[in-house]
Amino acid sequence: MSSLELRANVTWSLNQARAIMIATVLPLFCVFLSCAGIMLYAMAKLPHSLDTSRYLLFAWMVVNDSIQLMSSVLLFMLAMFGVRLALFCCISLIFISQASFFNSPLILATMSLERFVAIFYPLRRPAAWRADRIWIIILAMWLLSCMSPVLDNIFQDPQTLTVGSEPVQCKSHQLNATPAQALRRAINSAIIFTLMTLVIIWTYIGIMVQTRKLRRAGDSASRAQRTVLIHAAQLLLCGLAFTIPITETLIKLDSIQSRHLVIFFNYLCFVLFPRALSPLIYGFRDQTLRGQMVKVFAANARSKVGA
């Protein structure tokens, strides 16, 4: 009876922990999706927003981070409950999550380059950076971000891809568990984030040098410098997700509840919060977009009062 009671207490404690974790993650995720939807709606209402490369890139960043959070929340829920999926569904879900993850630093670096181009070519931009051509850059970013998950699937362990294999847990480090794959992912991630960091630093220095060369510290140049610094902070927030494999490797816990707590802590601190804050910081900082969002809130409030 004592062993049965102990097992029942452990099960009850585990269910309580799961309920608390889900009650924490899902509301935060819903708040982010609501803010993202309001930002996109307010941006669509702005005059000439579709003719501005900066707003188009920001809209794509919001959409990409929404996709990344949707897929990561689903993966988090599957890990919490130990749910197994068919191999094809699991690979597809991890592919979307990884591609959108690697797309974020590319978007941030591209937005910094857009500010650089706006300062250096204020009157006539290069064709690739015009609003009607920016979709080419967005497509190129998406293709580049898909390279890492594509390589993961190409060099997949043959035993994992056996026909009629049983359902698996949707964890990238378990599906791609060979040391060579882990080393390749680490090198690929380090290269991407290092290059994007260098791009952001280069654009900031270039804008600062150009401002001093022209002997003018106008509002546009100052705003561009602050914007690049914000992109650097956003890139740092994205990079926090790389601490997850480290903590999961170093912290070896036998208790299921303890493992779930580590998964929850890693996801909340290094994925959910950074991804949710990144577009919100940029969106609420933009005075024009912030003013439009206030108008949207006010209109919704008036409509509810009138109803």
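Biologist: Where does Met-196 lie?
Modeller: Met-196 sits in helix H7, which covers residues 179–213. Bear in mind that this is a predicted model.

Biologist: OK. Is Met-196 buried or exposed?
Modeller: Buried, because its relative accessibility is 13% and the cut-off for buried is under 20%.

Biologist: And what is Met-196 in contact with, leaving aside neighbours within four places in sequence?
Modeller: Met-196 is in contact with Pro-105, Leu-106, Ala-109 and Leu-235.

Biologist: Pro-105 is a fair way back in the chain. How many residues apart are Met-196 and Pro-105, and what separates their C-alpha atoms?
Modeller: They are 91 residues apart along the chain, and their C-alpha atoms are separated by 6.4 Å.

Biologist: Let's zoom out. How many helices and strands are in the chain?
Modeller: The chain has 11 helices and 2 strands. Starting at the N terminus, the order is α-α-β-α-α-α-β-α-α-α-α-α-α.

Biologist: What share of the residues counts as buried?
Modeller: 44% of the 307 residues. As for the surface, the chain exposes about 16800 Å², with carbon and sulfur atoms supplying 69% of that.

Biologist: Back to contacts, then. Of those between residues at least 6 apart in sequence, what percentage joins residues at least 24 apart?
Modeller: That comes to 82%. The Met-196 and Pro-105 pair, 91 residues apart, is one example of a long separation along the chain.

Biologist: Now the helix packing. How do the axes of H3 and H4 cross?
Modeller: Helix H3, residues 87–120, and H4 have axes that come within 8 Å and cross at roughly 140 degrees. The two helices are therefore oblique to each other. Their crossing is right-handed.

Biologist: Which residues make that contact?
Modeller: On the H3 side, Ala-99, Ser-100, Phe-102, Asn-103, Leu-106, Ile-107 and Thr-110; on the H4 side, Ile-137, Met-141, Trp-142, Leu-144 and Ser-145. By class, the contact of H3 with H4 has 8 nonpolar and 4 polar residues, and no charged ones. Leu-106 also came up earlier, in contact with Met-196.

Biologist: And H2 with H4, how do those axes cross?
Modeller: H2 (residues 53–81) and H4 (residues 134–145) have axes that come within 10 Å, crossing at roughly 30 degrees.

Biologist: Why call H2 and H4 roughly parallel?
Modeller: Because angles under 35 degrees count as roughly parallel, and the axes of H2 and H4 cross at roughly 30 degrees. This crossing is right-handed.

Biologist: Who meets whom between H2 and H4?
Modeller: From H2 you have Ser-53, Leu-56, Leu-57, Trp-60 and Asn-64, and they meet Ile-134, Ile-138, Met-141 and Trp-142 in H4. The contact of H2 with H4 divides into 7 nonpolar residues, 2 polar and no charged. Met-141 and Trp-142 of H4 also take part in the contact with H3.

Biologist: Staying in H2, is Ser-71 buried or exposed?
Modeller: Ser-71, which lies in helix H2, is buried, with a relative accessible area of 5%.

Biologist: What does Ser-71 touch, not counting residues up to four places away in sequence?
Modeller: Ser-71 touches Leu-93, Ile-96, Ser-97 and Ser-100. Of those, Ser-100 also takes part in the contact of H3 with H4.

Biologist: Last one: what about Met-80, buried or exposed?
Modeller: Met-80, also found in helix H2, is buried, at 0% relative accessible area. Its C-alpha atom is separated by 6.9 Å from that of Arg-18, and the two residues are 62 apart along the chain.

Definitions and conventions: Residues numbered from 1 in each chain as written. Predicted model: local features only at pLDDT ≥ 70, side-chain atom pairs only at ≥ 80, totals over all residues. Heavy atoms only, no water. Axes fitted to C-alpha atoms, helices over the stretch in contact; angles between N-to-C directions. Helix = DSSP H or I, 4+ residues; strand = E, 2+ residues; numbered from the N terminus. Left-handed = near helix turned anticlockwise from the far one by under 90°. Contact = heavy atoms within 4.5 Å. Nonpolar A, V, L, I, M, F, W, Y, C, P; charged D, E, K, R; others polar. Buried < 20%, exposed > 50% of the residue type's maximum accessible area, 1.4 Å probe, protein only. Areas by Shrake-Rupley, 256 points an atom, 1.4 Å probe, with all protein chains shown as cover. Parallel < 35°, antiparallel > 145°, perpendicular 65-115°, else oblique.
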